[in-house]
Amino acid sequence: MTRSILKLNHLEPFAIGGTRRCYIHPDNPCLCVKVLREDRTPRERRRLVAGPKRFLPLQRFDDQWKEQRAYDELLSNLTDATWQHVPEYFGTVDTDLGLGIVSRVFRNHDGKFPQTLEDLLPIEGITDALRDAIQEFKQWLRTDLFLSRHLLPHNIIVVKLTDTSYRLVIVDGIGNSEMIPISSWFKFFARNKIERKIRYFDFRINELLK
């Protein structure tokens, strides 16, 4: 039995990232559908690299495949706080723009789409509310031993719960990027990796505030 094709081509994406476009699901405004940009397909990305990396399998250049794997692992290690800081996952769907990953859409308390941390920091700086949200986010990473690629401010949105309280949500770059995933196997390596990611995250925040 074939799956029906979700039509996205006539819609405007509400966000465009480095490799993907994000659309509001036509049948459910609470859901997002992420598809690859046509210029960032696995084949196109592999074509642009040099050296030994060009001989890696295509899936190593596929952000959809990576995110599916990350969610599969996440689903086996859920905690009460998981979906507060990661968009809840609802599987995949076939679209007229290729495979789509379906997840929850976060909005501010006023209904607007949240800004990324990269966009917000240069405008508002570090307010008390944002500082608290950043600290809570880092504590969650440590408590849940949440593994990610680099914690880049443009992959983290700031959801305004009220005018004076925020929550940070990582919307891209989830999952363990290690070729041999020792951080997924051993908590000692996971803790060390997370601390390295947090130090780099703090560095990027300080750079945005200069």
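Buried means under 20% relative accessible area, exposed means over 50%, and partly exposed covers what falls in between. Keep that rule handy for the exercises below, and remember that this is a predicted model.

**Exercise 1. Glu-38 and its partner**

Work out whether Glu-38 is buried or exposed, and find the residue with which Glu-38 forms a salt bridge.

Solution.
- Step 1: Glu-38 has 61% relative accessibility. The cut-off for exposed is over 50%, so Glu-38 counts as exposed.
- Step 2: Look for the partner. Glu-38 forms a salt bridge with Arg-21, and their closest N and O atoms are 3.4 Å apart.
- Step 3: Place the two on the chain. Glu-38 sits in the loop between strand 3 and helix 1 (42–48), while Arg-21 belongs to strand 2. They are 17 residues apart, and the pair links distant parts of the chain.

**Exercise 2. A pair from further along the chain**

Which parts of the chain does the pair of Arg-149 and Asp-63 tie together?

Solution.
- Step 1: Check the distance. The closest N and O atoms of Arg-149 and Asp-63 are 3.9 Å apart. A salt bridge needs such atoms within 4 Å, and this pair forms one.
- Step 2: Locate both ends. Arg-149 lies in the loop between helix 5 and strand 7, and Asp-63 lies in helix 2, so the salt bridge ties together parts that are 86 residues apart in sequence.
- Step 3: Apply the accessibility rule. Arg-149, at 22%, counts as partly exposed, whereas Asp-63, at 5%, counts as buried.

**Exercise 3. A salt bridge inside one helix**

Where do Arg-131 and Asp-128 lie, and how many salt bridges are there in the whole count?

Solution.
- Step 1: Both residues lie in helix 5, three residues apart, which is about one turn of the helix.
- Step 2: They form a salt bridge, with the closest N and O atoms 3.1 Å apart.
- Step 3: Arg-131 has 40% relative accessibility and counts as partly exposed. Asp-128, with 57%, is exposed.
- Step 4: Now widen the view. Salt bridges that share partners join Arg-20, Lys-34, Glu-67 and Asp-172 into one network. The count comes to 13 salt bridges.

**Exercise 4. The sheet of five strands**

Trace the order of the five-strand sheet, then say which strands stand at the edges.

Solution.
- Step 1: The sheet is open, with the order 1-2-3-5-4 and antiparallel pairing.
- Step 2: Read off the ends. Strand 1 (15–16) and strand 4 (89–95) each have a single partner strand, so one side of each is left without a neighbour in the sheet.
- Step 3: Zoom in on one pair. Strand 2 (residues 20–25) and strand 3 (residues 28–36) run antiparallel and are joined by six bridges. Within this pair, Cys-22 stands opposite Lys-34 of strand 3.
- Step 4: Add the helix. Helix 2 (residues 63–75) packs on the sheet and touches strand 2, strand 3, strand 4 and strand 5 (98–104). The directions of helix 2 and strand 5 make an angle of about 40°.

**Exercise 5. The sheet of three strands**

Which strands stand at the edges of the three-strand sheet, and which helix lies across strand 7 and strand 8?

Solution.
- Step 1: This open sheet has the order 6-7-8, again with antiparallel pairing.
- Step 2: Strand 6 (115–116) and strand 8 stand at the edges, because each has a single partner strand.
- Step 3: Follow the pairings. Strand 6 meets strand 7 over two bridges, and Gln-115 has Val-158 as its bridge partner in strand 7. Strand 7 (residues 156–162) is joined to strand 8 (residues 165–170) by six bridges, with Ile-156 opposite Ile-170. A hairpin of two residues connects strand 7 to strand 8.
- Step 4: Helix 5 (residues 128–144) lies across strand 7 and strand 8, running at about 40° to strand 8.

**Exercise 6. Two nonpolar spots**

Find out what Ile-126 touches, then pick out the nonpolar surface patch that includes Phe-189.

Solution.
- Step 1: Ile-126 is in the loop between helix 4 (117–124) and helix 5. At 28%, Ile-126 counts as partly exposed.
- Step 2: Leaving aside residues up to four places away in sequence, Ile-126 touches Leu-121, Arg-131, Ile-134, Ile-205 and Leu-209.
- Step 3: The patch consists of Met-179, Ile-180, Trp-185, Phe-186, Phe-188 and Phe-189, with about 730 Å² of accessible area together.
- Step 4: Phe-189 is in helix 7 (residues 187–208) and, at 35%, counts as partly exposed.

Note on methods:
Residues numbered from 1 in each chain as written. Predicted model: local features only at pLDDT ≥ 70, side-chain atom pairs only at ≥ 80, totals over all residues. Heavy atoms only, no water. Patch = residues over 30% accessible without salt bridge, like charges linked within 9 Å, V, L, I, M, F, W, Y side chains within 5 Å. Areas by Shrake-Rupley, 256 points an atom, 1.4 Å probe, with all protein chains shown as cover. Salt bridge = Lys/Arg side-chain N within 4 Å of Asp/Glu carboxyl O. Helix = DSSP H or I, 4+ residues; strand = E, 2+ residues; numbered from the N terminus. Buried < 20%, exposed > 50% of the residue type's maximum accessible area, 1.4 Å probe, protein only. Pairing = 2+ DSSP bridges. Contact = heavy atoms within 4.5 Å. Axes fitted to C-alpha atoms, helices over the stretch in contact; angles between N-to-C directions.
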